[in-house]
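Work through the exercises below with the sequence and the model side by side, trying each task before reading its solution.

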Amino acid sequence: MATAVLTPDQLDGQAARLHDTQAWQQIVTGWEHTAAEPTPALAPAPAPGPARVSDWRGMLSVPVDQLIDDTLRALPAPPPHERPLPGRLGAMLPDRVHLWRRVGQSDLRPSVHLGHARQILAAWGWQNTPYRLRNARGARCVCGAMISAHRLGYGSLDTVDRAGAWLITELRAQGWPGLIGPWNRHPGRTAADALALVDATIRRASLAGQ
């Protein structure tokens, strides 16, 4: 199965272009704010008699269906399906060796894809060699972990781009003006920083229903 091979800079560029589109900005702008409550219509005074079971609905300022939908969207993304990663030898092999694992796999939300990328960083290690997705020991940079998650069957390339756009959105919120690659290889960066960034991005995307 042929698939594009992305460098860290190419993935950064794709995510940045997606992040900067008007459609994406409409998606993420104001995601952390609740919608303004609609003005409730004045209901006629109830007729005298025993209280009805449905009367409590008239006390709500938003429809019940919207309350349920908002609650479900606020739930965190479910943890990735427990499918063990290849061992240390598998981490050192080229990603194309693992492409067979994509067969029959459905697409994922960006937050779930990032959960698998986090597993890769935690199990295989993090590295910050400039312009490298991985090192000789199989450790990945943040972009490399996302690409490896895709190769292992966790999300399409479109999902990788959307996950990258969420990462950039989180970096902007943290005050980083650049792309993911330069952040990953910035002097003093640690594996704990990388995991914390992915965790924060997972929460942000999950809260937005992504």
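The exercises that follow move from the whole chain to one helix and then to one loop residue.

This is a predicted model, in which local features need pLDDT of at least 70 and side-chain atom pairs count only at pLDDT 80 or more, while totals for chains, interfaces and linings use all residues. Residues are numbered from 1 along each chain as its sequence is written, and side-chain values use heavy atoms, with hydrogens and water left out.

**Exercise 1.** Determine which element of the protein chain has the lowest mean pLDDT and which has the highest.

Solution. Begin with the average over the protein chain, which is a pLDDT of 75 (the predictor's confidence in each residue, from 0 to 100), with 57% of the residues scoring at least 70. Then turn to the elements: helix α4 (residues 88-92) has the lowest mean, 55, and α9 the highest, 94.

**Exercise 2.** State how many helices and strands the protein chain has, and find what share of its residues is buried.

Solution. Helices (H or I, at least four residues) and strands (E, at least two) are DSSP runs, numbered from the N terminus; on that basis the protein chain has nine helices and zero strands. Next, 40% of the 210 residues count as buried, where buried means under 20% relative accessible area, exposed over 50%, and partly exposed in between (1.4 Å probe, protein chains only).

**Exercise 3.** Identify the helix that gives the most to the largest nonpolar core, and describe its surroundings.

Solution. A nonpolar core is a set of buried Ala, Val, Leu, Ile, Met, Phe, Trp, Tyr and Cys residues joined through side-chain atoms within 4.5 Å. The largest one has 30 residues, and those with the most contacts inside it include Val-142, Met-146 and Trp-183. At least two residues of this core come from each of α1 (8-19), α5 (110-124), α6 (142-151), α7 (157-173), α8 and α9, with α6 giving the most, six residues. Because ten of the ten residues of α6 are buried, this helix is largely enclosed by the rest of the structure. Leaving aside neighbours within four places in sequence, Met-146 is in contact (heavy atoms within 4.5 Å) with residues including Leu-11, His-113, Val-160 and Leu-167. Just after α6, Gly-153 takes a positive phi of about 105°.

**Exercise 4.** Locate His-186 and decide whether His-186 is buried, partly exposed or exposed.

Solution. His-186 lies in the loop between α8 (180-184) and α9 (191-207). The relative accessible area of His-186 is 34%, so this residue is partly exposed. Finally, the C-alpha atoms of His-186 and Pro-130 are separated by 9.4 Å, although the two residues are 56 residues apart along the chain.
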